[in-house]
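I sat down with this model to note how its parts pack together. The entries below follow the order in which I looked things up.

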Amino acid sequence: MNTKPSGISERNLRKPPFFSGGARELVRAPHRFFLQLTRDYGDVVQYRATPEPAFLFNHPDFVKHILVSNGRIYNKDTHLNKYMLQAVTGQGLLTSENPLWRKQRRLMQPFFHRRYLARFADLMATATHETLDIIESYAAQKRPFDMANEMMTLTLNIVSRTLFGYDMESHSERIGQAVNTLIEIAKPKRKRFQETLKVLDEIVFDVIQRRRQRPHAEQHDLLDMLIQARYEDSGEGMSDQQIRDEVMSLLIAGHETTANTLGWLWYLLAQQPAVVSQIEDELEVVLNGRSPTVADFPKLTYCDKVIKEAMRLYPSAWSISRRALVDDQIGGYEIPKGSIVAVSPYTLHRHPTFWPEPETFNPERFTPEQEAARHRYAYIPFGAGARKCIGDQFALMESIIILPMTLQRFRLKLVPDHSIEEHALVTLRARHGILMTAASR
Ligand code: HEM
């Protein structure tokens, strides 16, 4: 099978095809607009979005070029980063650039290793129980509820307790509400956005201050770890401002992304009774009614495949973009300095060369054999290269706890006639939520 990008010419530098229309589609449903572009033009196309040239690249070789091999000549100086995310996350991991970014990533990476994260598994299970108790009350009343919303609350609870677990009860609820308000407004210039951010800052700085005054070097949560971490070269710790920016980055990057993934997972599973019954069989064998613990994760192999396949069809981070710092050429195409280059997990995960029958939900695409045979950069729900998601193991751990625990307690159905519409903002959401009914087992 030929898996080379379409329209490639190594010898002569060329300009990619240019599509000048689509302004309305780009605003209304940019992910579908991108998908249509790849269907009409192939693996590379220039489109009109910003004053500077913008290109969509839709081949794993190109992903490798932009995010991995030549990642250093592309940065995150994009509209999304500059005008939306940075207003909240400042110079945190998500939006900072070298050399600060590298220094911070090095310092924080150890806290996100699977072995380290294991300490949060119980906390994740407890938060899940609480959400399931709420769903239980809907089930008892036979009342429909918005599963997307429940997942939002749950993942926010998890990430804020992981960060602030120690003095959580007094703060995490207020923090949670403020983060939700910021995400809802999503317009940094609005007065309410700025007021909310101010409240959030006051809480976070206050917690940091009080933690610094504690006599013991105990490590109860991620915040303790951030406060106690020391840079290798200087032996110093982070400033309050840097800790604040990292806390905000983790709250923003770690909450909605995971919630959407789980929301879409429930949407897909409600249409896949055979898959659900195979999961149930696995849960019976591995867990026999217990809640999952860290030791069970490697045995829940079918659950793992199901989660991966859900992230293929509905990658929460549906688009990843960069700015070219110098003139570059990708696959024989000219990319002028200053251009915006986008790769879209949503379109890439539907590339027919790598994903036969791309719209079909099929967890068997993720058997170890199939994974090994596929191009490494054909599947990038967490991005790729140096700036790949630091929280990927965190998100997978949440999912492999929440999926089994929920199915152990409930049978879930979609509410008929409720329209499920994909809504691509910063992340890929369901515009009108995911209305479901639950029946206790
Ligand atoms: C299913 C859930 C998640 C998805 C789909 C996701 C996706 C991504 C993607 C695609 C990137 C790279 C963006 C780019 O290259 O421009 C990223 C970066 C990042 N993510 Fe996640 N993420 C998820 C969960 C989390 C969680 C749970 C956390 C933290 C607790 C987190 C923290 C971060 C941070 C800090 C970055 C920036 C990393 C850096 O630039 O060094 N993410 N995420």
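Entry 1, the ligand shell. I asked which element gives the largest share of the shell around the ligand, and found α12, with 7 residues; helices here are DSSP runs of H or I with at least four residues, strands are runs of E with at least two, and both are numbered from the N terminus. The model is a predicted one, in which local features need pLDDT of at least 70 and side-chain atom pairs count only at pLDDT 80 or more, while totals for chains, interfaces and linings use all residues. Residues are numbered from 1 along each chain as its sequence is written.

I then looked for the residues that come nearest to the ligand, and of the 23 around the ligand these are Gly-254, Thr-257, Gly-383, Cys-389 and Gly-391 (a residue is near a molecule or strand if its C-beta atom, placed from the backbone, lies within 6 Å of it). The elements that give two or more residues to this shell are α12 (240–269) and α17 (392–409). By class I noted 13 nonpolar, 8 polar and 2 charged residues in the shell, where Ala, Val, Leu, Ile, Met, Phe, Trp, Tyr, Cys and Pro count as nonpolar, Asp, Glu, Lys and Arg as charged, and the others, Gly among them, as polar.

Entry 2, α7 against α17. Having met α17 at the ligand, I followed it to helix α7 (residues 121–141), and the two axes come within 10 Å and cross at roughly 40°; axes are lines fitted to C-alpha atoms, for helices over the stretch in contact, and angles run from 0 to 180 degrees between N-to-C directions. The crossing of α7 past α17 is right-handed, a term used when the near helix is turned clockwise from the far one by less than a right angle, with left-handed for anticlockwise. On the α7 side I listed Ala-121, Met-124, Ala-125, Thr-128 and Leu-132, which meet Met-397, Glu-398, Ile-401, Ile-402, Met-405, Thr-406 and Arg-409 of α17 (contact means C-beta atoms, placed from the backbone, within 7 Å). This contact has 8 nonpolar, 2 polar and 2 charged residues. The spacing recalls a general point: an α-helix has 3.6 residues a turn, so residues three or four places apart point the same way.

Entry 3, the sheet under α7. The open sheet of 3 strands has the order β5-β13-β10 with antiparallel pairing, and strands pair if DSSP finds at least two bridges between them. Its edge strands, each pairing on one side only, are β5 (145–146) and β10 (410–414). Between β5 and β13 (residues 435–440) I found 2 bridges, the strands running antiparallel, and Phe-145 stands opposite Met-436. Helix α7 packs on this sheet, touching β5, β10 and β13, and its direction makes about 85° with that of β13.

Entry 4, the sheet of 6 strands. This sheet is also open, has mixed pairing and runs in the order β1-β2-β3-β9-β6-β4; β1 (18–19) and β4 (74–75) are its edge strands. Strands β2 (residues 44–47) and β3 (residues 54–57) are antiparallel over 4 bridges, and a hairpin of 6 residues joins them. Within this pair, Gln-46 stands opposite Phe-55, and Val-45 has Leu-56 as its bridge partner. On going from β3 to β9 I noted parallel pairing over 4 bridges, with Ala-54 partnered by Ile-340. Helix α2 (residues 30–41) lies across β1, β2 and β3 at about 125° to β2, whereas α3 (residues 60–69) lies across β3, β4, β6 (320–324) and β9 (340–343) at about 130° to β9.

Entry 5, α13 and α14. I checked the length of α13 (residues 273–286): its 14 residues should span 20 Å at 1.5 Å a residue, and the end C-alpha atoms are 20 Å apart, which agrees (the expected span is 1.5 Å times one less than the number of residues). The axes of α13 and α14 (residues 301–313) come within 8 Å and cross at roughly 145°. Val-275, Gln-278, Ile-279 and Glu-282 of α13 make this contact with Tyr-302, Cys-303 and Val-306 of α14.

Entry 6, backbone exceptions. Most residues other than glycine have a negative phi, and most peptide bonds are trans. Against that, Asn-288, which follows α13, has a positive phi near 50°, and Ala-186, in the loop between α9 (168–185) and α10 (191–212), has a positive phi of about 55°. The peptide bond from Asn-98 to Pro-99 is cis, with omega near 0°.

Notes. Two residues are in contact if their C-beta atoms, placed from the backbone, lie within 7 Å.
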